[in-house]
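Subject: Structure handover and notes

Dear colleague,

I am passing the structure below on to you, together with some notes on what turned up in it. Please read the notes with the coordinates open beside you.

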Amino acid sequence: MLGLKAKTMNINGGNPQSGRDKLSVLILDDEKIFTSELREFLEKKGFTAVEANLPDEGLKILKKETTDLLILDVRLPGISGLDILKEVKKEYTDLEVIIVSAHGDMDTVIKAMQAGAIDYLRKPFRHLDIQMAIERTQKYLLLQRKLKNAEERSSLISKNLVDQIDREFIGVSRKILDVLELAMTTARFPDTNVLITGESGTGKENIARIIHYSSARKDHLLWAVNSSAITDSLLESEFFGHKKGSFTGAINDKKGFFEICDKGTLFMDEIADMPANLQAKVLRAIEEKQITRVGDTHPVKTDFRIISATNHNLDELVISGRFRLDLIHRLNTIHIHIPSLRERPDDIEPLLNHFIKYFSVRFNKLLPEIDRNIIKVLEKYEFPGNIRELKNMAERAVILCKNNKLTLADFPVKEENHLSVAVEGQPAASLDQNEKEFILQMLEKHNYHQIDTAEALSVTRQTLIRKMKKFDITIRKKAE
């Protein structure tokens, strides 16, 4: 039995887990007198308390009601409380459990804690004992909630969505909030194709992942493909699949991107680099929602959504004849443009803080102090590499940090940051021309060493080579 009643302690029943007014407690014990007395005591203390005397009854309550804390007896009719503990901790990860028992020994205590119990009390105990145990639990829940809020304040998306897309989405500016709002609205229409534009490094794939994992297609595949990273000879096979023997090397039947994304999403990055002959076939696949494998004659139905991305001006490519206008109309039912980092300087500080924390944990280093002058300088910097460049800066700074303080010396910025500004009295250069000039300047700076230049540009060497080929850039002198 519960024994001596303790004098009142100021424990409010505020629920740190869900924002409800009272913390909710379920008491699962086969002794009716015990559960009734404990329920009455908890209700007087301001908690919402429910009692159950049979395991099935308790599990049904957990399914129907949001519960913060379970007080669980070790010995129950037909089942061990430890087995129930394991089951509920697996099913309800936010639920905390206090184990109670009149027959416990140290082995039971150890097993209970290993299975996830937050506390253990031996019967009979006083009201004071259970009150203090709940207070300890509540302090733990409040701490967990504070930590969770801290995580979610830096990220514009929920922790659950962060886990699904395996990346954060950081920002405070009105511009990035508008982008997120449009992405979340788009997610509610899972059959609508989306075109995401923005400079390299602005986070276009992040937006694609947010749209997919916030949509009705989230339980199916999101397949990301770089349209410029596939050799011309394999493009059609990769997108549409092939039959065994359809060409040299086709030793088995193979599904293409469109087919494996059935009921899911196909994210096509660098869409502007797609060859003209493939554009026509992609257009037909989007219109008919069916494809035919290379070497086959039987069409295959497939239900996919297209999210495409580019850092190019597609209208200019249409005018120059390099991209089909009718394909653009199919791809950009919804157009989401992500502003460059220099257009939203308010986001630099939260992004930098996030990356510094991330790399400090990753490299097992103390979180360094950040000189305020760093923020002022970075907010005036052009950031040609956008968020990707800022992330690289933060990683380098954490690695080289001395005396646990980051200074301006840890953040050398490039001088080549005005390529997009027009010469006075002359029209602004095209995006392609800007990109070509920037690549040329970076190549010259790194003595035409492709690996060093690619690293400075935050791209792979293969991507750099493709860009050089695209802009007809040739190596004018060898690296030393």
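T453 is a good place to begin: in this predicted model, its relative accessible area is 0%, and T453 is therefore buried. T453 belongs to helix 18, which spans residues 450-457, and a polar atom of the T453 side chain lies 2.8 Å from the backbone oxygen of H449.

Two sheets come next. In one of them, 5 strands are arranged in the order 2-1-3-6-7, forming an open sheet with parallel pairing. Strand 2 and strand 7 (119-122) take the edge positions, and because each has a single partner strand, one side of each is left without a neighbour in the sheet. Neighbouring strands of this sheet are turned against each other by 20° on average, with direction ignored.

Within that sheet, strand 1 (residues 24-28) pairs with strand 2 (residues 48-52) in the parallel sense, over 5 bridges. The connection between strand 1 and strand 2 passes through helix 1 (residues 32-44), and this β-α-β crossover is right-handed. Strand 1 also runs parallel to strand 3 (residues 69-73), to which 4 bridges join it. L26 is a useful residue to select when you look at these pairings, since L26 stands opposite V50 in strand 2 and also opposite L70 in strand 3.

The other sheet is likewise described as open, with 5 strands in the order 9-10-13-8-14 and parallel pairing. Here strand 9 (222-226) and strand 14 (334-337) stand at the edges, and as each has a single partner strand, one side of each lacks a neighbour in the sheet. The twist from one strand to the next averages 15°. Strand 8 (residues 194-197) and strand 14 run parallel and are joined by 4 bridges, with H335 in strand 14 as the bridge partner of L195.

On the edge strand 9 sits W223, which counts as partly exposed because its relative accessibility is 34%. The C-alpha atom of W223 is separated by 6.4 Å from that of T265, although the two residues are 42 residues apart along the chain.

Turning to the helices, which residues of helix 3 (residues 81-91) are buried? They are G81, L82, I84, L85, V88 and K89, and seen down the axis of helix 3 these buried residues fall within an arc of 155°, so they line one face of the helix. An α-helix has 3.6 residues a turn, so residues three or four places apart point the same way. On the other side of helix 3, the exposed residues are K86, K90 and E91. The N-terminal end of helix 3 is capped by S80, a side-chain oxygen of which lies 3.1 Å from the backbone nitrogen of L82.

Helix 15 (residues 372-380) has I374, I375 and L378 as its buried residues. These cover an arc of only 95° around the axis, which puts them on the same side of helix 15. The face of helix 15 turned away from the buried side carries K376 and K380, which are exposed.

Some backbone details may deserve your attention when you prepare the model. The peptide bond that joins K123 and P124 is cis, with omega about -15°, and P124 is found in the loop between strand 7 and helix 5 (127-154). F383, a residue other than glycine, has a positive phi near 50°; F383 is found in the loop between helix 15 and helix 16 (386-400), and with a relative accessible area of 0% F383 is buried. D472 also has a positive phi, of about 55°, although D472 is not a glycine. D472 is found in the segment after helix 19 (461-470) and is exposed, with a relative accessible area of 63%.

Finally, how many disulfides does a search of the whole structure find? The search finds 0 disulfides. As for individual cysteines, C261 counts as buried because its relative accessibility is 0%, and C401 is buried as well, with a relative accessible area of 14%.

With best regards

Note on methods:
Residues are numbered from 1 along each chain as its sequence is written. This is a predicted model: local features need pLDDT of at least 70, side-chain atom pairs count only at pLDDT 80 or more; totals for chains, interfaces and linings use all residues. Side-chain values use heavy atoms; hydrogens and water are left out. Buried means under 20% relative accessible area, exposed over 50%, partly exposed in between (1.4 Å probe, protein chains only). The arc is that of the directions from the helix axis to the C-beta atoms. A polar contact is a pair of N or O atoms within 3.5 Å; within protein, one must be able to donate a hydrogen and the other to accept it, and residues adjacent in sequence count only if both atoms are side-chain atoms. A disulfide is a pair of cysteine sulfur atoms within 2.5 Å. Two strands pair if DSSP finds at least two bridges between them. A crossover is right-handed if, with the strands pointing away from the viewer, the path from the first strand over the helix to the second runs clockwise. Axes are lines fitted to C-alpha atoms, for helices over the stretch in contact, and angles run from 0 to 180 degrees between N-to-C directions.
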